[in-house]
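This report is a short guide for a reader meeting the structure for the first time. It begins with the chain as a whole and then turns to a sheet, a pair of helices and a hairpin.

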Amino acid sequence: MADPRGRSDAYAGVDDAGYGSGYDETDDAFGLEIAPAQVTGSGADELERAAEAALRPRRLEEFVGQRVVRDQLSLVLQAALGRGTAPDHVLLSGPPGLGKTTLAMIIAAELGASLRVTSGPAIQHAGDLAAVLSSLEEGEVLFIDEIHRLARPAQELLYVAMEDFRVDVVVGKGAGASAIPLSLPRFTVVGATTRAGLLPAPLRDRFGFTGHLDFYSADELERVLTRSAGLLGAELAGEAAAELASRSRGTPRIANRLLRRVRDWAQVRGDGSLDLRAARAALDVYEVDILGLDRLDRAVLTALCVRFAGGPVGLTTLAVTVGEEPETVETVAEPFLVREGLVGRTPRGRVATPAAWRHLGLTPPADSATLFS
Ligand SMILES: Nc1ncnc2c1ncn2[C@@H]1O[C@H](COP(=O)(O)OP(=O)(O)OP(=O)(O)O)[C@@H](O)[C@H]1O
Ligand SMILES: [Mg+2]
C-alpha cells in the first residue's frame, strides 16, 4: 500500500537505542526548502523530521493544548510512578501532525524510561517483533508507530505480550515445531495510529488508556508558534502568530512549517522581522488559502462540487479523481474538511456542503442544503 505520508524509510528497521535514527534530535535543518504543494500537507518527510525534532516539547507541561488527553495521561503516569511499576499500555490516535510521536517521547521522558521506536510497516514478520520484545528491559517504553499496519501474525503475538508479558518463541519447523514460552519484564507499549478504526478489537482492548488527539484551536496554535519562534531565536509578532494560526489547519506540524517559511521570506525579501506583512506575503507565495487548505484539499472540494455536482460520491471514486490513494484522502484531507464543515460524510458517500461551494467562490445549488441533510 502506498504510504500517504511518504515516510517509509524513516523507520527502515527497529532501532536499538534511545530515540533511534528516525528522530535525530540535534540536526538543525531549518533552511530546507519545501515545494509549494507540500507546504500545508499534514505529513512530514524525513528532512522535515529533523527540523521538527528541535521544536518538539520534551515534557508534558511544555505540550500545548489537548488538555483532556494531557490530564488523563498525567494521572496514568503519576500513578504508575507512585507505584513504581510500568503504566498501562497507551494508544494515541488522531490525524497526522497533532503530536502522537511527541507524546510517546514525552511518556518515556516522564517515566525516566528509555524509548524503543519501531513501526507497523517496519515489522515484516512476527519473528521481528518477537526479537524486539525479548530484548526489552524492565520498564522500557516500546513505541509502535502506525500500529494499524502491523501484520496479523505480529498483532497476535503482541496481544499475548501485552497482556501476559510473554512471547512464545517457535523453534523448528512443520510437525516438529514447538513453542517455548519466554516471559518478559513489564514494559509499556505506546501505539500510535491515524486510523484507530482499523485496529482489531482484541488489540484495541489491550490498551489501558486511549488518547484521541483532536485538531488544535487557533489560540493553542498561537502558543505553539510563539514557543517555536522562541526556540528558533526569532520574535514573532502577535498579529503574525494569529494569522499563521488561523491558516494551519488546526495542526502544529503545519504551524511550525509555515513559521519556517515566514522566516525565509523575512530573511530573503523582508527586513528580517516576522510581522504580519511577512506572514501574509509568505502565505501568498506558498498559496496557502484563507482556511489553510492545500492543493489536495482544494482538489477534493473542486472534484466534489464541480465534477460530481456536490455528491454524494464514494471515497474511492473521489480519490481516483484527484489522483490520490483513498487512504490519503481519508486520513490526510478529509478529517479537517469535515471538521471545517466543508465536507459531509453520508452513508451514500461524501457530499459538499454549501460552505464548500462558497469557499471555492461558487454558488451552491438550491438543493445542496437538502443533499447534505
Ligand atoms: N502539543 C504540542 N505542542 C507543541 N508542539 C507540538 C505539539 N504537538 C505537536 N507539536 C509539533 O508538531 C510536530 C509534529 O508532531 P508529531 O510528530 O508528534 O505528530 P504525529 O501525530 O506523530 O504525526 P504523524 O501521524 O505524521 O506521525 C512536532 O515536531 C512538534 O514540534
Ligand atoms: Mg508520528
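Two residues are in contact if their C-beta atoms, placed from the backbone, lie within 7 Å. In this predicted model, among contacts in the protein chain between residues at least 6 apart in sequence, 71% join residues at least 24 apart. The protein chain holds 373 residues, of which 44% are buried, and its secondary structure comes to 15 helices and nine strands.

**The five-stranded sheet**

Five strands form an open sheet with parallel pairing, and their order across it is E2-E3-E6-E1-E7. Strands E2 and E7 (209–212) stand at the edges, each with a single partner strand, so one side of each is left without a neighbour in the sheet. Direction ignored, neighbouring strands of this sheet are turned against each other by 15° on average.

At one of these edges, strand E2 is nevertheless mostly covered, since five of its five residues are buried. Both of its faces share in this: Leu-115, Val-117 and Ser-119 are buried on one side, and Arg-116 and Thr-118 are buried on the other. From E2 the chain passes through helix H4 (residues 126–134) to strand E3, making a β-α-β crossover that is right-handed. Within the E2 and E3 pair, Leu-115 stands opposite Val-141 of E3, whereas in the pairing of E1 with E6 the bridge partner of Ser-93 is Thr-193 in E6.

The table sets out three strand pairs, including the hairpin strands taken up at the end.

| Strand | Partner strand | Sense | Bridges |
|---|---|---|---|
| E2 (residues 115–119) | E3 (residues 141–145) | parallel | five |
| E1 (residues 90–93) | E6 (residues 188–193) | parallel | four |
| E8 (residues 343–346) | E9 (residues 349–352) | antiparallel | four |

**Helices H4 and H5**

Helix H4, which lies on the path from E2 to E3, also packs against helix H5 (residues 152–164), at an angle of about 30° and with the two axes 8 Å apart. Because angles under 35 degrees count as roughly parallel, H4 and H5 are therefore roughly parallel to each other. In passing H5, helix H4 makes a right-handed crossing. The residues that make the contact are Ala-126, Leu-129, Ala-130 and Leu-133 on the H4 side, and Pro-153, Ala-154, Leu-157, Leu-158 and Ala-161 on the H5 side.

**The hairpin**

Strands E8 and E9 form a hairpin, with two residues between them. Across this antiparallel pair, Arg-345 has Arg-350 in E9 as its bridge partner.

Notes:
Residues numbered from 1 in each chain as written. Chains lettered and ligands numbered in written order. Predicted model: local features only at pLDDT ≥ 70, side-chain atom pairs only at ≥ 80, totals over all residues. Buried ≥ 20, exposed ≤ 12 C-beta atoms within 10 Å, placed from the backbone. Pairing = 2+ DSSP bridges. Right-handed = clockwise from strand over helix to strand, strands pointing away. Axes fitted to C-alpha atoms, helices over the stretch in contact; angles between N-to-C directions. Parallel < 35°, antiparallel > 145°, perpendicular 65-115°, else oblique. Left-handed = near helix turned anticlockwise from the far one by under 90°.
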